[in-house]
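Okay, everybody, grab a seat. Have a look at what I'm putting on the screen, and then I'll walk you through one helix and a few charged pairs.

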Amino acid sequence: MAEILPSSNSDREQLDLSGPWAQQWTVAWRTTSGEVVAPASELGAMPSAGLQLMRQFTWSKKQQHRPSLEYMGVTTRHHGAESGLEANLLLALEFAGDLIETLSQPIKLTYRTHEGRSEHTPDFLAITRTGQWLIDVRPERRLTAKTLIDFAATAEVTLAAGWRYAAVIGWHPYGVSVLRNFAAERRPLSNVRNMIGQVLSTVEEGPRLFAEIAEATSYPVIARAYTRHLLWHRRLSIELGAPFGDATMVYRVEEQPWS
């Protein structure tokens, strides 16, 4: 669903990776006890709890981006986003289902190129059940030579730490709008009239159209909300690359044809 910037050898070649570079580069993070500066090789030792932002967000009338605070049910708090693209990332991270914790502006990386020293603060740290991710978010139109080198340096450090890295530069059509449709029903729902069971039973024999699922239950209007709730919580699935509506085919998770 996200458009990920592919790695580039030409950007990596700008980095000074000679000698014990992971000892010479540094990473800094902040906790309630203060700021810690360590060799980049020790990124994997950074604690996963008690972290604070390395820099604060700013709001002003003249800025061209759109900052916001996005609530995430998995962390039960709001997270800062400096653009609509970043807000969409937070939504997608929560929908993915294996997120444990996330933090904006988590570290400051100081690295060296063949031209000298440079710094970069990645946009997000995502701690998941399968490992840690550092993620940068930048619209493709705003990519510069310095940005690409920043991304290459961050990728090297995360690889050395056994983490993963991604630079998100856009979103495929429809995906985000579909997720926001589902997210409206992400709150806990009481199982009125066994509506969850009714909805799930409609796809026991195979995939059904969204409208057909609703009509097959005792309360079609309510069933629509419950179906979106089950889609958000990944108990049902659809193809996210198309518009969502009555003619959308809904699958049991184990039957999705694209897995």
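So, in helix H8, these residues are buried: Ala-223, Ala-225, Tyr-226, Thr-227, Arg-228, His-229, Leu-230, Leu-231 and Trp-232. Buried here means under 20% relative accessible area, exposed means over 50%, and partly exposed is in between, with a 1.4 Å probe and protein chains only. Helices are DSSP runs of H or I with at least four residues, strands are runs of E with at least two, and both are numbered from the N terminus.

Quick word on where this comes from: it's a predicted model, where local features need pLDDT of at least 70, side-chain atom pairs count only at pLDDT 80 or more, and totals for chains, interfaces and linings use all residues. Residues are numbered from 1 along each chain as its sequence is written, and side-chain values use heavy atoms, with hydrogens and water left out.

Back to H8. What covers its buried residues? Among the elements doing that are helix H3 (84-96), helix H5 (175-183) and strand S15 (249-252). Contact, by the way, means heavy atoms within 4.5 Å.

Does the length of H8 add up, or what should we expect? H8 has 13 residues, 220-232, and at 1.5 Å a residue they should span 18 Å. The expected span is 1.5 Å times one less than the number of residues. The end C-alpha atoms are 19 Å apart, which agrees. Then, just after H8, Arg-234 takes a positive phi of about 60 degrees.

Now, the charged pairs. How many salt bridges does the structure hold? It holds 10. We call it a salt bridge when a side-chain nitrogen of Lys or Arg is within 4 Å of a carboxyl oxygen of Asp or Glu.

One of them starts on our helix: Arg-224 pairs with Asp-246, with the closest N and O atoms 2.8 Å apart. Arg-224 lies in helix H8 and Asp-246 in the loop between S14 and S15, so the pair ties together parts that are 22 residues apart in sequence. Arg-224 is partly exposed at 25%, and Asp-246 is partly exposed too, at 40%.

Arg-228, one of the buried residues of H8, is linked with Glu-185 and Arg-187 in a network of salt bridges.

Away from the helix, Glu-82 and Arg-55 meet in a salt bridge at 3.1 Å, N to O. They sit in loops, 27 residues apart. Glu-82 is buried at 15%, while Arg-55 is partly exposed at 35%.
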